Amino acid sequence: MKKLIFILPLFLFIACKQKPKSDDGEASRVSGTLKLLVDESFSSVLEDQIEVFKLDYPDARFELVQGNENKILPTFLNDSVRVAVLSRMLTADEEKAYSKRSIPIFTSRFAIDGIALITGNDNPDSTITADEVISIMKGTSTSGKQLVFDNAYSSTLRYFKDLSQIKELPKSGIYTLQNNKDVIKYVAEHKNYIGVVGVNWLMKNGRDQQDFTDQVKVMGVKNTKGKKGDDTFYKPTQKNLIDGIYPFLRNVYIINAEGKNGLGTGFATWLTGQRGQLIVLKSGLGPNKMNPREINIKKEN
C-alpha cells in the first residue's frame, strides 16, 4: 500500500509538468508551424535553410509567404505574421505597434548579400563607379546609361533610393519591370541598359534563365572615394562580400516578434548558429560570422 501511495503523487507530478499541445502538435523551438514572411530576393537561401532544419527537426513546419519588401512589410506591421526576413531593420515608428503591447522584437543578422549590376555581353562597358550609379538615380547623369530594376516595390530599388538620398525617381534613366527574370531578359536584349539583381537570387535562379544569363555579364564597381573598395573595380564575389569591399552590400535579417519561446526563436537561433552559417557560406553569400575550424592533430603511436 505504501508503494501505491508513493507512485500516485509522482504520476500526478509528471502529468502536471507536461507541456500543453497546440493544434499543430507540440509547439517548441524545434516543432510546430511557423508562418514566415520572406523578401523574395532571399527566398533561395531561406528554402535551403528550411530544408536542412527540417531534416534535423522533422516536427517543424514552415509556411513561406514571399513577396516584394513593400508588399509584405504591412502584413508584419499589422500583426498578421510575426516573423519576417528582410534586408533592413524596422524603424522606431514601425516597432511602435508591438512595443505598445509590450511584445519584444528580436532582430538578428544572418547573412550579407550583394546587389549585382549586369549588362549585355555586347556592351563594351564592363565597369561602373558607385558615383555613376548614384547620378543615374538622381537623374543628373549624362552618360546615357540606364538602370533596370525588378519591381517598383522591391528592396533593391529601396536600397538605391536610400543610397542616393532620393524619395522620388527621376523621369528618365530608371525602369522597373515585374521580376528578376524580366530584368535578365531585358538587359540581354537591349544594349546600354544595366540590370540590378540580388546576388543570392542570381546565383540560385540564374540557371533557370540560362539562355539569357549566357548573354549578360556582371559588372565591376568602384566605390566612392574615401570608402572601402574605392581603389579598384570589384565584383560581388563571396570573398568581396565577406571582406566588405564590394560597394553595394546589404544585410539580411530575421525579425522575430512571436512574443514567446517558439519555433521562430529556435529558427532564428539556428540561422546564426554553425549549421545555418555553413549553409549561408555554401550559398555564395557572406555569413554573419565565420566559425573557426578546429584542427585536430593525431599523434602516431
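Start by selecting Gln 165 in this predicted model: you'll find Gln 165 in the loop between H6 and E7. Its phi is positive, about 60°, even though Gln 165 is not a glycine. Is Gln 165 buried or exposed? With 72% relative accessibility, over the 50% cut-off, Gln 165 counts as exposed.

Now pick Ser 102, in the loop between helix H4 (92–99) and E4. Here is another residue that is not a glycine but has a positive phi, about 60°. Its relative accessible area is 64%, so Ser 102 is exposed.

**Zoom out for a moment**

Switch to a cartoon view of the whole protein chain. You're looking at 12 helices and 12 strands. The chain has 301 residues, and 46% of them count as buried. Take the contacts with a separation of 6 or more: 74% of them come from residues 24 or more positions apart.

**Helices H5 and H6**

Go back to H6 (155–164) and add H5 (residues 130–138) to your selection. How do these two helices cross? Their axes come within 9 Å and make an angle of roughly 95°. H5 and H6 are therefore roughly perpendicular to each other, since angles of 65 to 115 degrees count that way.

Show side chains where the two helices meet. On the H5 side, pick Val 133, Ile 134, Met 137 and Lys 138; on the H6 side, pick Leu 157, Phe 160, Lys 161, Leu 163 and Ser 164. Colour this contact by residue type and you get six nonpolar, one polar and two charged.

Stay on H5 and look at what is hidden. The buried residues in this helix are Ala 130, Val 133, Ile 134, Ser 135, Ile 136 and Met 137. What covers them? Helix H6 is part of the cover, and so are several strands, including E4 (106–120), E5 (127–129) and E6 (146–149). Turn on E7 (174–176) and E10 (220–222) too, as both are among the covering elements. Then step just past the end of H5 to Gly 139, which has a positive phi of about 80°.

**Into the cores**

In soluble globular proteins, nonpolar side chains tend to be buried together. Let's see what that looks like here. The largest nonpolar core has 38 residues, and those touching the most other members are Leu 46, Phe 62, Val 85, Phe 110, Ile 254 and Phe 267. Which element gives this core its largest share? That's H11, with five residues. Colour by domain as well: at least three residues of the core come from domain 1 (32–112 + 251–287), and at least three from domain 2 (113–249).

Click on Val 85 and show what surrounds this residue. Setting aside neighbours within four places in sequence, its contacts include Leu 36, Leu 37, Val 38, Asp 39 and Phe 42. Leu 46, Phe 110, Val 252, Tyr 253 and Ile 254 are also in contact with Val 85.

There is a second, separate core too, made of 23 residues. Ala 130, Val 133, Leu 147 and Leu 157 are among them.

**Helices H11 and H12**

Next, select H11 (residues 263–272) and H12 (residues 274–283). These helices pack with their axes 4 Å apart, at an angle of about 60°. That makes H11 oblique to H12. From H11, the contact uses Trp 270, Leu 271 and Thr 272. From H12, Gln 274, Arg 275, Gly 276, Gln 277 and Ile 279 join in. By type, this contact has three nonpolar, four polar and one charged residue.

How much of H11 is covered? Nine of its 10 residues are buried, including Phe 267, Ala 268 and Trp 270.

**Two last stops**

Find Gln 238 in helix H10 (residues 238–243). At 25% relative accessibility, Gln 238 counts as partly exposed. Leaving out residues up to four places away in sequence, Gln 238 touches Val 280, Leu 281, Gly 284 and Leu 285. Try a distance label too: the C-alpha atoms of Gln 238 and Lys 282 are separated by 9.8 Å, with their positions 44 residues apart along the chain.

Finish at Thr 75 in helix H3 (residues 69–77). Thr 75 counts as partly exposed, at 26% relative accessibility. Apart from residues up to four places away in sequence, Thr 75 touches Leu 37, Ser 80 and Val 81. Leu 37 is 38 residues away along the chain, and the C-alpha atoms of Thr 75 and Leu 37 are separated by 8.3 Å.

Terms used
Residues numbered from 1 in each chain as written. Predicted model: local features only at pLDDT ≥ 70, side-chain atom pairs only at ≥ 80, totals over all residues. Heavy atoms only, no water. Axes fitted to C-alpha atoms, helices over the stretch in contact; angles between N-to-C directions. Parallel < 35°, antiparallel > 145°, perpendicular 65-115°, else oblique. Contact = heavy atoms within 4.5 Å. Nonpolar A, V, L, I, M, F, W, Y, C, P; charged D, E, K, R; others polar. Buried < 20%, exposed > 50% of the residue type's maximum accessible area, 1.4 Å probe, protein only. Core = buried A, V, L, I, M, F, W, Y, C linked by side-chain atoms within 4.5 Å. Domains from an automatic or database assignment.
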